[in-house]
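Biologist: I am new to this structure and would like a careful, close look at a single part of it. Please pick one helix and describe how it meets its surroundings.

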Amino acid sequence: MKKKVFQFIPWIFVGIMIIFIFANSLIPAVGSKQISSTFTTFVYNLLLSLNVHLDYEFLHHLIRKFAHFLEYAILGGLIYIAIQLKPLTKSSIINFICFLIVPIIDESLQLITPGRSCELGDMMIDGSGMIVGFLLIWLIVKCLAKSKATH
C-alpha cells in the first residue's frame, strides 16, 4: 500500500509546479514586470560589481525568457520522475505529449491577463525547457545507474 501511495507523490509535485506556472501567468503585466525587474536589478548590480556591463533592458529580457525556460525545465524533470514511478498510460510518448499541452494552456491564460499576451516564441521556450529538464534528469538517472553498475 505504501509503495502505491509513494508512486503518486511525484504527480503531486508536477501538479504543484503546473499551478505555480499558471499562477505566474495570471499575474498582470505590471506586477510581473515589477517582480522580474527586482531580480534584474539585483543581477545587473552584481554584474556591475564584477565589471560586466550589459544593457539593463537586454538583461531584463534575458532573465524573463530564462525564467520561462527554467520553470519548464523543472516541470520536465518532475514529469520524468513521475512517469518512471507511475506513468499516466503505458506509452511514455503519450505521457510526455500530454504535458506539452501545458505551455499552450499557460500562454493562453495570458490572453485573459491584463497587459499580457500569448506568444508562440514563449511556447517554444517553455516546451524546450520541458524537454531539456526531462532529458537532463533522464541522463542523470542513466549515469547514476551506469556508475552503480560498475561499482
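Modeller: What follows is a walk along one helix, its packing partners and its aromatic pairs.

This is a predicted model, in which local features need pLDDT of at least 70 and side-chain atom pairs count only at pLDDT 80 or more, while totals for chains, interfaces and linings use all residues. Residues are numbered from 1 along each chain as its sequence is written, and side-chain values use heavy atoms, with hydrogens and water left out.

The helix is α3, which spans residues 56-85; helices here are DSSP runs (H or I, at least four residues), numbered from the N terminus. Phenylalanine 58 belongs to α3 and is partly exposed, since its relative accessible area is 44% (buried is under 20%, exposed over 50% and partly exposed in between, with a 1.4 Å probe and protein chains only). From C-alpha to C-alpha, phenylalanine 58 is 10.0 Å in space from threonine 40, and the two are 18 residues apart in sequence.

Threonine 40 also leads to the packing of α2 and α3, whose axes come within 9 Å and cross at roughly 120° (axes are lines fitted to C-alpha atoms, for helices over the stretch in contact, and angles run from 0 to 180 degrees between N-to-C directions). On the α2 side the meeting residues include Phe39, Thr40, Val43, Tyr44 and Leu47, and on the α3 side they are Tyr56, Leu59, His60, Ile63 and Arg64. By class, seven residues of this contact are nonpolar, six are polar and two are charged (Ala, Val, Leu, Ile, Met, Phe, Trp, Tyr, Cys and Pro count as nonpolar, Asp, Glu, Lys and Arg as charged, and the others, Gly among them, as polar).

Turning to α5, which covers residues 120-150, we find that α3 and α5 pack at an angle of about 45°, with their axes 6 Å apart. Contributors to this contact include Lys65, His68, Tyr72 and Tyr80 from α3, and Asp122, Ile125, Phe134 and Trp138 from α5. Its residues divide into 15 nonpolar, six polar and three charged.

Aspartate 122 of α5 is buried, because its relative accessible area is 5%. Neighbours within four places in sequence aside, aspartate 122 is in contact (heavy atoms within 4.5 Å) with Lys65, His68 and Glu107.

Two aromatic pairs are present in the structure. Tyrosine 44 and tyrosine 56 form an edge-to-face pair, because their ring centres are 5.4 Å apart and their planes stand at 75° (rings of Phe, Tyr and Trp, the last by its six-membered ring, pair if their centres lie within 6.5 Å, and planes over 60 degrees apart count as edge-to-face, under 30 as stacked and the rest as tilted). This pair links distant parts of the chain, with tyrosine 44 in α2 (residues 29-49) and tyrosine 56 in α3, 12 residues apart. Tyrosine 44 is partly exposed at 24% relative accessible area, and tyrosine 56 is partly exposed at 24% too.

The rings of tyrosine 80 and phenylalanine 134 have centres 5.2 Å apart and planes at 85°, so this pair is edge-to-face. Because tyrosine 80 lies in α3 and phenylalanine 134 in α5, the pair ties together parts that are 54 residues apart in sequence. Both tyrosine 80 and phenylalanine 134 are buried.

Note on methods:
Helices (H or I, at least four residues) and strands (E, at least two) are DSSP runs, numbered from the N terminus.
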